[in-house]
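Hi,

Here is the structure I promised to pass on. Have a look at it first, and then read my notes below.

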Amino acid sequence: MKAIDPRLLYLDIPEMDRDHEQLVSITNKISAMVELPEFRLKDFSKELAQLKQYTIEHFAREEAYMARIAYPGLAEHKIQHARIMEELATLAAEGSTKGAKIALSQRLFTQVWLFEHISGLDGEYARFAKGKA
Ligand SMILES: [Fe+2]
Ligand SMILES: [Fe+2]
């Protein structure tokens, strides 16, 4: 799977773009890892744990940002964040036990949530912020 170019996901909100870049960078690392011939489960689990941790921090910053701009879709957006966190937590837990077999589904999930969530739902608050400016 190709690495994601973080520029495709820019919202023109520098503080959020920086976070998204970091998320993309971790996800790209995970993707590249899965393709290595000497796939190491320990490193993989470590990256997944890092993705989970960074996602928690990003969601908190993003929710604070949405609150700051009085974004009306905040409650719904929070629900989506909670769903993603649940799935990420499950995957991170499974990652250390089931190994490479589920690596592919993890990779798909992380890339899909990045793309769909950032370009979809995150894009909505970005449009709202711009409309207010
Ligand atoms: Fe986001
Ligand atoms: Fe979000």
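Just after α2, A70 takes a positive phi of about 55°. Helices such as α2 are DSSP runs of H or I with at least four residues, numbered from the N terminus. Please keep in mind that this is a predicted model, where local features need pLDDT of at least 70, side-chain atom pairs count only at pLDDT 80 or more, and totals for chains, interfaces and linings use all residues. Residues are numbered from 1 along each chain as its sequence is written, while chains are lettered from A and ligands numbered from 1 in the order in which they are written.

Now α2 itself. Its 28 residues should span 40 Å at 1.5 Å a residue (times one less than the number of residues), and the end C-alpha atoms of α2 are 40 Å apart, which agrees. Buried in α2 are F44, L48, L51, T55, E62 and M66 (buried means 20 or more other C-beta atoms within 10 Å of a residue's own, with C-beta atoms placed from the backbone).

How do α1 and α2 pack? Their angle is about 165°, and their axes are 10 Å apart (axes are lines fitted to C-alpha atoms over the stretch in contact, and angles run from 0 to 180 degrees between N-to-C directions). That makes α1 roughly antiparallel to α2, a label for angles over 145 degrees. Among the residues of α1 that meet α2 are L23, I26 and I30.

Those three also appear among the residues with the most contacts inside the largest nonpolar core, which has 13 residues (buried Ala, Val, Leu, Ile, Met, Phe, Trp, Tyr and Cys joined through C-beta atoms within 7 Å). α1 gives the most to this core, with 4 residues.

Enjoy exploring!

Methods. A residue is buried if 20 or more other C-beta atoms lie within 10 Å of its own, exposed if 12 or fewer, and partly exposed in between; C-beta atoms are placed from the backbone. Helices (H or I, at least four residues) and strands (E, at least two) are DSSP runs, numbered from the N terminus. Angles under 35 degrees count as roughly parallel, over 145 as roughly antiparallel, 65 to 115 as roughly perpendicular and the rest as oblique. Two residues are in contact if their C-beta atoms, placed from the backbone, lie within 7 Å.
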